Amino acid sequence: MHSPCKILIDRSGAEVYIGSNSRIHGSCIHAYKKIVIGKNCLIAANCQIIDGNGHSLSFPDTANRVNTIGNSHAIIIEDNVWLGTNVVVLPGVTIGHGSVISANSVVHKDVPPMVVAGGNPLQIIKSFE
């Protein structure tokens with residue numbers, strides 16, 4: 001771990017909820033809209049949990065991209081989830097209770113409860129339900 005935790009509420013009305021007994025190590029939580037982290041979660045070092053895009057794609061007027069505000073979609077991380085080191089959680093996903101996301105994975109789609117998932121693109125490795 002090389003950084004402190006950073007929690008940023010980027011827009012008016014944005015919300016971050018962190019459940020009891022959750023541990024977050026040297027990661028970034030960046031909320032444009034809403035990020036929910038359940039109870040008893042383990043979030044390893046250098047994870048990035050970001051619920052929005054900083055800017056719009058702005059095609060074809062890409063020179064104006066710097067002046068735009070991107071969309072946002074809530075992230076829900078349910079109870080007892082474990083994110084390994086360097087996991088990136090992208091906007092609009094739900095990670096089901098009890099699931100484990102392996103190190104260096106990119107969570108770009110919903111993850112069902114009680115699975116081990118990992119990779120880029122993300123795949124279910126094993127189910128425990």
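Ser58 is buried, with a relative accessible area of 15%, in what is a predicted model. This residue lies in the loop between β7 and β8, the latter spanning residues 75-77. When residues up to four places away in sequence are left aside, Ser58 touches Asn64, Arg65 and Thr68.

Strand β7, which borders that loop, also takes part in an open sheet of five strands, whose order is β1-β4-β7-β10-β13 and whose pairing is parallel. At the edges of this sheet stand β1 and β13 (106-107), each of which has a single partner strand, so that one side of each is left without a neighbour in the sheet. Within the sheet, β7 (residues 48-50) pairs with β10 (residues 88-89) in the parallel sense over two bridges, and Gln48 stands opposite Val88 in β10.

A further open sheet has six strands in the order β3-β6-β9-β12-β14-β15, with mixed pairing. Its edges are taken by β3 (23-24) and β15 (123-127), and because each has a single partner strand, one side of each is left without a neighbour in the sheet. Strand β6 (residues 42-43) and strand β9 (residues 82-83) run parallel and are joined by two bridges, with Leu42 standing opposite Trp82 in β9. In general, the strands of a sheet pair through backbone hydrogen bonds, in either a parallel or an antiparallel sense.

Returning to β1, this strand covers residues 6-9 and includes Ile7. Ile7 forms a nonpolar patch on the surface together with Ile9 and Ile18, and the accessible area of the three together is about 260 Å².

The cysteines can be treated next. How many disulfides does a search of the whole structure find? The search finds zero. For Cys5, the closest cysteine sulfur is that of Cys28, at 9.4 Å, which is too far for a bond, because a disulfide requires the two sulfur atoms to be within 2.5 Å. Cys28 is accordingly in no disulfide, its nearest cysteine sulfur being that of Cys5, 9.4 Å away.

Is Cys28 buried or exposed? Cys28 is buried, with a relative accessible area of 14%, whereas Cys5 is partly exposed, with a value of 40%. The table sets out these values together with that of Ser58.

| Residue | Relative accessible area | Class |
|---|---|---|
| Cys5 | 40% | partly exposed |
| Cys28 | 14% | buried |
| Ser58 | 15% | buried |

How values were computed
Residues are numbered from 1 along each chain as its sequence is written. This is a predicted model: local features need pLDDT of at least 70, side-chain atom pairs count only at pLDDT 80 or more; totals for chains, interfaces and linings use all residues. Side-chain values use heavy atoms; hydrogens and water are left out. Buried means under 20% relative accessible area, exposed over 50%, partly exposed in between (1.4 Å probe, protein chains only). Patches are made of residues with over 30% relative accessible area and no salt bridge: like charges are joined within 9 Å, nonpolar side chains (Val, Leu, Ile, Met, Phe, Trp, Tyr) within 5 Å. Accessible areas come from the Shrake-Rupley method with a 1.4 Å probe; for residues, only the protein chains shown count as cover. A salt bridge is a side-chain nitrogen of Lys or Arg within 4 Å of a carboxyl oxygen of Asp or Glu. Helices (H or I, at least four residues) and strands (E, at least two) are DSSP runs, numbered from the N terminus. Two strands pair if DSSP finds at least two bridges between them. Contact means heavy atoms within 4.5 Å.
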